[in-house]
Amino acid sequence: MLGECHAHIIMNGKNYKEAVALHKDGVREEVIRAHFRTWKEMGITFVRDGGDALGVSRRAKALALEYGIDYRTPIFAIHKKGHYGGIVGHAFSDLKEYHSLVLRAKKEGADFIKIMISGIMSFDAFGVLTEEGLPEHEIYEMIRIAHGEGMAVMAHGNGDRQVRAAIEAGLDTLEHGNYLEQDTLDQLARSRTIWIPTLSPTGNLLGCGRFPDAQVRRILERQMEGISYAFEKGAVIGLGSDSGAYLVPHGQGLLDEYEWMIKAVGKDRETALQKRLEEAENRIKKEMKQ
Ligand SMILES: [Zn+2]
């Protein structure tokens with residue numbers, strides 16, 4: 001069974017605010033344990049989290065082995081003040097503060113550093129991101145600083161410009177990566193960066209009624225085409241469902257992600273796909289540990 005390379009144990013796949021509020025007055029261990037049980041029952045033995053600001057992921061790290069799960073976490077994600085990312089971590093206003101947060105994560109036991117370099121998709125309008133994202137030089141410095149501290153980097157990134165800068169800086173894993181142009185996909189395939197395209201948070205919205213299906217489908221198909229192209233070019237692509245996100249339950253999300261991924265690359269390439277996903281997971285296991 002393949003592992004889950006992108007999860008949020010603090011979230012529940014239904015209602016983000018309610019899920020987070022549960023831990024407001026201290027981490028509720030039983031909530032974490034329920035998610036671990038689900039993964040264990042499904043035979044999922046590797047989970048990589050995106051971190052959170054309330055210490056939920058940090059506690060999870062201490063419990064995971066009881067369930068036979070190899071659980072990796074950045075403890076919290078790091079975002080620039082006033083930009084996307086407040087829901088999963090701590091903010092910096094300049095690179096000195098960023099560096100301190102990197103050191104803090106490392107001290108708190110982070111396996112890698114998670115950074116936010118862009119917004120997310122506006123699901124009611126194809127091609128639109130909730131914000132433009134950080135300037136290239138800042139993205140470059142953020143990755144350089146984390147690497148300088150001996151930490152691998154997981155970056156939440158959508159949009160061509162931001163992602164291109166991150167790959168050029170030697171990013172370890174790219175999360176989401178919607179709206180990449182062909183040049184950038186070529187660059188990705190030539191680079192050492194592993195891509196976790198997370199189709200489920202988009203695909204699972206189809207038919208739910210929260211957003212116009214036509215827009216959601218365009219976003220999904222755009223990402224699937226990018227995956228198919230990058231796969232053919234030899235990019236290392238991994239399986240991560242963003243479980244915990246809306247309509248992406250822990251456990252089931254990973255099965256959904258696999259199905260979406262097969263739709264993207266084609267059933268006839270399933271064996272090759274599996275091999276590629278395993279390669280990505282093995283590299284993450286090896287490279288993303290403090
Ligand atoms: Zn995520």
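**A core and two parallel sheets**

Within the largest nonpolar core, which has 83 residues, the members that touch the most others are I113, I115, V153, A166 and I237. The model in which this core is found is a predicted one. In soluble globular proteins, nonpolar side chains tend to be buried together. One of the core residues just named, I237, can be followed further. Setting aside neighbours within four places in sequence, I237 has contacts with W195, P197, I227, A230, F231, R276, L277 and A280.

The chain as a whole comes next. Its secondary structure consists of eleven helices and nine strands. The protein chain has a radius of gyration of 17 Å, close to the 19 Å given by the globule rule for 290 residues, so it is as compact as a globular protein of that length. Along the principal axes, the C-alpha atoms fill a box of roughly 45 × 45 × 35 Å. Of the 290 residues, 50% count as buried. Among contacts in the chain with a separation of 6 or more, 66% are accounted for by residues 24 or more positions apart.

The strands can now be taken sheet by sheet. One open sheet has three strands, ordered β1-β2-β3, and its pairing is parallel. The edges are held by β1 (4-7) and β3 (70-72); each has a single partner strand, so one side of each is left without a neighbour in the sheet. On average, and with direction ignored, neighbouring strands of this sheet are turned by 20 degrees against each other. Strand β2, residues 46-49, runs parallel to β3 and is joined to β3 by three bridges. In one of the pairs between them, R48 has R72 in β3 as its bridge partner.

Another open sheet is built from six strands in the order β5-β4-β6-β7-β8-β9, also with parallel pairing. Here β5 (89-92) and β9 (194-196) are the edge strands, each with a single partner strand, so one side of each has no neighbour in the sheet. From one strand to the next, the twist averages 25 degrees.

Inside this six-stranded sheet, β4 (residues 77-80) pairs with β6 (residues 113-116) in the parallel sense, over two bridges. A77 has K114 in β6 as its bridge partner. The core residues I113 and I115 fall within the span of β6, residues 113-116. Helix α4, residues 95-107, lies across β4, β5 and β6 and runs at about 150 degrees to β5.

Further along the sheet, β7 (residues 153-157) and β8 (residues 173-176) pair in the parallel sense over four bridges. The bridge partner of H156 in β8 is E175. What connects these strands in the β-α-β unit they belong to? Helix α6, residues 160-168, stands between β7 and β8 in this unit, which is right-handed. Two more of the core residues, V153 and A166, can be placed here: V153 belongs to β7, residues 153-157, and A166 to helix α6, residues 160-168.

The last pairing to follow is that of β8 with β9, which run parallel and are joined by three bridges. T173 stands opposite I194 in β9. Between β8 and β9 the chain passes through helix α7, residues 182-190, in a β-α-β crossover that is right-handed. Strand β9, residues 194-196, contains W195, one of the residues in contact with I237, and this returns the reader to the core residue followed at the start.

Terms used
Residues are numbered from 1 along each chain as its sequence is written. This is a predicted model: local features need pLDDT of at least 70, side-chain atom pairs count only at pLDDT 80 or more; totals for chains, interfaces and linings use all residues. A nonpolar core is a set of buried Ala, Val, Leu, Ile, Met, Phe, Trp, Tyr and Cys residues joined through C-beta atoms within 7 Å. A residue is buried if 20 or more other C-beta atoms lie within 10 Å of its own, exposed if 12 or fewer, and partly exposed in between; C-beta atoms are placed from the backbone. Two residues are in contact if their C-beta atoms, placed from the backbone, lie within 7 Å. Two strands pair if DSSP finds at least two bridges between them. Axes are lines fitted to C-alpha atoms, for helices over the stretch in contact, and angles run from 0 to 180 degrees between N-to-C directions. The radius of gyration is taken over C-alpha atoms; the globule rule is 2.2 Å times the number of residues to the power 0.38. A crossover is right-handed if, with the strands pointing away from the viewer, the path from the first strand over the helix to the second runs clockwise.
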